[in-house]
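Visitor: I should like to be guided through this structure, beginning with its sheet and ending with its aromatic rings.

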Amino acid sequence: MNYSNIMEEIKSTRDYKETVVKGELLKEIISAGDTALENHGLDIVLFEDGEQTKQKLEGKAGYFGKFIGAPHYIAVLSDDGRKSKEDAAYIMEMMRFKAHKEGLGSCWITIPNTDEIKADLGIDAARSLCGFLAIGYRYAGIFKKDIQEKAFRQGAIEITYMDEWGNTPEWEDLEARGLDQVFYLTRFAPSWGNKQPWKFLILKKHVILAVEKDSSADTDLDTGIIKFYFEKACVDKGLSLQTAEASGEFNIPESYEIRAVYNI
C-alpha cells in the first residue's frame with residue numbers, strides 16, 4: 001500500500017450512498033485491521049445493517065452531536081487501558097486506508113463507552129468500545145457531488161521542534177535531517193475536532209512524540225492515529241525506525257506528556 005498518496009488524499013466522508021458494499025470487500029477491509037496488530041486483545045465487529053444501527057444510536061452518539069448515516073459501521077473492542085485505545089486507533093486507520101484504496105469513504109464517529117450503548121449494539125458490557133467507524137460509498141453524482149474540502153492542518157514546521165522544546169525549525173532544517181517529507185505527510189493525521197494536540201521534538205537521533213493533556217478530547221485515540229501516520233510516513237520514505245524507552249531529560253512542559261520515543 002502506498003501510504004503517502006492516501007495520506008494526502010483521504011478525508012472524512014459524512015455523506016454516503018445507500019449502496020451496500022459487497023461482503024467480500026468488507027472482509028478485506030477488516031482483514032487489513034486484523035493483520036495490522038496481533039495479539040493485543042482487540043476485536044473488530046462489523047455492523048452490516050447500517051440503517052438498523054443508525055436507529056439504535058441516533059441522538060446518543062455522533063460527530064459534534066450529529067450522527068452520520070452510512071450503509072455499514074465497524075467497531076473496535078478492547079480491554080480497558082491506554083495502550084488498547086492507542087492500538088484500536090492504529091487499527092482503525094489501517095482499515096480507513098484500505099477502504100480509501102478500494103474507493104470507499106469512512107469517518108470516525110464518537111460513541112460513548114456506556115453500558116446502554118453497548119447493550120443497544122449487542123456488545124459485552126465487559127469490553128471497552130474504543131472506536132467506531134462509518135463506511136460506505138461517498139455520495140457523489142450528477143445531482144450531488146462530494147464538495148467537502150479536506151480539513152485544515154498545521155504545517156510540518158508547526159508540529160515540530162528541533163534541539164529543544166519551543167525551537168521551531170526552518171524547512172531546510174528538516175531537509176537536512178531527511179525528515180521534511182515525513183512531517184509533511186504526518187501533518188495530515190486527523191484528530192478529534194482537528195485540534196492536532198501533538199508536537200514532535202527532534203533531538204539528535206531521537207524523535208519524541210508529546211501529546212497535550214486535554215480532558216475534553218480522547219488523546220489516547222489521537223495518539224494512536226498520529227503514531228500510525230508518523231510510522232507509515234517513515235516506512236514510505238525509507239527511514240529505519242525503532243521505538244525506545246523514554247529516558248533522560250527532554251524538558252517537555254507539564255501540559256504535554258511523552259507518548260513515544262523513536263530512534264531514527
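The questions and answers below concern a predicted model.

Visitor: In what order do the four strands of the open sheet lie?
Guide: The sheet is open and its pairing is antiparallel. Averaged over neighbouring strands, the turn of one against the other is 25°, direction ignored. The order of the four strands is β1-β2-β4-β3.

Visitor: Which strands stand at the edges of the sheet?
Guide: An edge strand has a single partner strand, so one side of it is left without a neighbour in the sheet. Two strands fit this description, one covering residues 43–47 and the other 105–108. They are β1 and β3.

Visitor: How many bridges join β1 to β2?
Guide: Strand β2 comprises residues 72–78 and runs antiparallel to β1. D43 stands opposite L77 in β2. The number of bridges joining β1 to β2 is five.

Visitor: At about what angle to β1 does helix α2 run?
Guide: Helix α2, residues 23–36, lies across β1, β2 and β4. Helix α3, residues 50–57, also packs on the sheet and touches β1, β2 and β4, its direction making about 60° with that of β2. For α2 and β1, the angle is about 160°.

Visitor: How many of the 18 residues of α8 are buried?
Guide: Burial here requires under 20% relative accessible area. Helix α8 is largely enclosed by the rest of the structure, because the residues that are buried number 16 of the 18.

Visitor: How far apart are the end C-alpha atoms of α8?
Guide: At 1.5 Å a residue, the 18 residues of α8 should span 26 Å. The model agrees with this expectation, as the end C-alpha atoms are 25 Å apart.

Visitor: What kind of aromatic pair do Y3 and F228 form?
Guide: A pair of aromatic rings is described by the distance of the centres and the angle of the planes. By the rule applied here, the model has 16 aromatic pairs. For Y3 and F228, the centres are 6.1 Å apart and the planes make 80°, and planes over 60 degrees apart count as edge-to-face. The pair is therefore edge-to-face.

Visitor: How many residues apart are Y3 and F228?
Guide: Y3 belongs to helix α1, residues 3–9, whereas F228 belongs to helix α8, residues 219–236. Both Y3 and F228 are buried, and they form one aromatic cluster with Y90, F97 and Y229. The pair links distant parts of the chain, with a separation of 225 residues.

Note on methods
Residues numbered from 1 in each chain as written. Predicted model: local features only at pLDDT ≥ 70, side-chain atom pairs only at ≥ 80, totals over all residues. Heavy atoms only, no water. Phe/Tyr/Trp six-rings, centres within 6.5 Å; stacked < 30°, edge-to-face > 60°. Buried < 20%, exposed > 50% of the residue type's maximum accessible area, 1.4 Å probe, protein only. Pairing = 2+ DSSP bridges. Axes fitted to C-alpha atoms, helices over the stretch in contact; angles between N-to-C directions. Contact = heavy atoms within 4.5 Å. Expected span 1.5 Å × (residues − 1).
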